[in-house]
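Hi,

Here is the structure I promised to pass on to you. Have a look at it first, and my notes come straight after.

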Amino acid sequence: MRRIFIIVFSLLFWAFAAWAFFWLLMQRFPPTGVAVFDIPLDGRSAWVDPFLPAERVTSPGPQDDGAWVGQRILQDPVYASARLPGVYETVDVELEFRTLRQPLLEIGLLRDEKTQQFEFRPIWFEPLQDPTWGAAPDASGYARNRLFQQAQTFAVWHASATAPLLTDPAREPRTTRVSLRGSHDVYAVPAGGRVQFTFAVQDVNRAAGPDTVTFRLSRDGEEIGQDFLGIGGTRDNGMGPVVEKTVTIPNALPGVYRIQMLADDDVFIRSITTDATRWVLGPRLVFADDVGFDAAVRPGIAWSNSRHLVLETFHNEGLQEIVLGSARATLARTHEAVRLDRVDADARPQKLQAPRGDVRIIGDGWFAFSPEAFFEPQPRRLTDASDPLAEGVTDIRTPYMRPEDLGDGWVRARATFQLDPRADRVRLALSAPGVLSRSGAVDIRRVRLTYRRPPRSWPEWRRVITEELRNAVRRIR
């Protein structure tokens, strides 16, 4: 009898072990190629970590005296990691959330660990919840009443638009004295069949070591070349010499050309010379201080179609009132971002004035140093401050899909990302720009991750197992 009991127990044990192994195998290699993890955001899941850093969110679990379970986002941005269940090609990230005084949300997946670059997707824009916004005729986004393609009524959000084929006649080069700091993007229309800019740059050596300035050249979003400039030296401890660098694109076809000047904040632009008739900068414009270079205070003056600016200065000398058309904002403290919003309906570029310079400006439009040079190289971009109805926007090109309404203010939104087969974890970012300044919040109660790859076939089994073995060897190393 005892022997029979041992045999039965052994059979049950091995049956359970075989079932557990088979279950784990199906979790790791589901025959359908789909693995789903539906997770309440209570901090107990082994597959998704809570959002961090802790000072920007509440602790996961019961919120509002147990009214709901999840996390409340109070500052921007926040991050979470998810563990991959195997080698998959894509992941659908679904969030159940509600917003308080937060009109815009984006979710991103980390693409470059070194540069901390995220690939973002739109998941919430409150103005588009208005049912008068219908699908655009070409299914590229949303349109109100009917589709317009005028630049003043057209906006994009995580989408591209066909660039205009522009060209201007040749003219004599002109020099514009400026005082700009760090990286800037220049957009230009070719003149006389070429694009040519000469930048007078200077290494102010406020940080030790030489600097390299990179120039990336592109036409209508397609990169066509790069150039470099090395300035400064390892022993420099004062203002370096002003060095000129000419960037030329000969035989330029009609279109819009972009020169990305990539440099750290030790590099100042002192003048820009070009024969282009139409050229603008944006969306970043940094008026530099002139300490140690010029005793006079150089005001920052430009013309911009931006309706919303974020302003910040890092020196007491930069505390001032900034004016854009009829709108004003005061920088009263250093290292504090201040918003400036236009409420007028004028679509023309307005004069931007920073009497003391020394301010970093991020806009939703473009900046020119003369009204004659202004043009719009791309459609307007939606931001958390955008009010399409008030701004006359009637066409929004975007991959955004309205979230599913769950009732009581809760919605469910989804974004899809391609996965790196070598990764064992993914890092997600949730961006809620301006949430702190408007005393807003984002409540998240559930995360649903759906991993996908093709259904199992022998070639697919072989590919996945090979990739799994490679990943295991890499982790051991």
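Below is what I found, going from the whole chain to one sheet and then to the cores.

Please keep in mind that this is a predicted model. The protein chain has 34 strands and two helices. Of its 477 residues, 45% are buried. The chain exposes about 24300 Å², with 55% of that supplied by carbon and sulfur atoms. If you take the contacts between residues at least 6 apart in sequence, 78% of them join residues at least 24 apart.

One sheet may interest you: it is open, has five strands in the order β8-β9-β30-β10-β29, and its pairing is mixed. β8 (133-135) and β29 (380-381) are at the edges with a single partner strand each, so each has one side without a neighbour in the sheet. For β29, the pairing with β10 (residues 154-156) is parallel and runs over two bridges. There, V156 has R381 of β29 as its bridge partner.

Now the cores. The largest nonpolar core holds 54 residues, and F197, F199, W279 and F287 are the ones that touch the most other members. Strand β13 (residues 195-203) gives the most to this core, namely four residues. Leaving out residues up to four places away in sequence, F199 touches V186, F215, V243, E244, K245, V247, I259, M261, I269, S271 and I272. Another core, of 49 residues, lies apart from the largest one and includes I39, V93, I396 and V442.

Happy browsing, and all the best!

Definitions and conventions:
Residues numbered from 1 in each chain as written. Predicted model: local features only at pLDDT ≥ 70, side-chain atom pairs only at ≥ 80, totals over all residues. Heavy atoms only, no water. Pairing = 2+ DSSP bridges. Buried < 20%, exposed > 50% of the residue type's maximum accessible area, 1.4 Å probe, protein only. Contact = heavy atoms within 4.5 Å. Areas by Shrake-Rupley, 256 points an atom, 1.4 Å probe, with all protein chains shown as cover. Core = buried A, V, L, I, M, F, W, Y, C linked by side-chain atoms within 4.5 Å.
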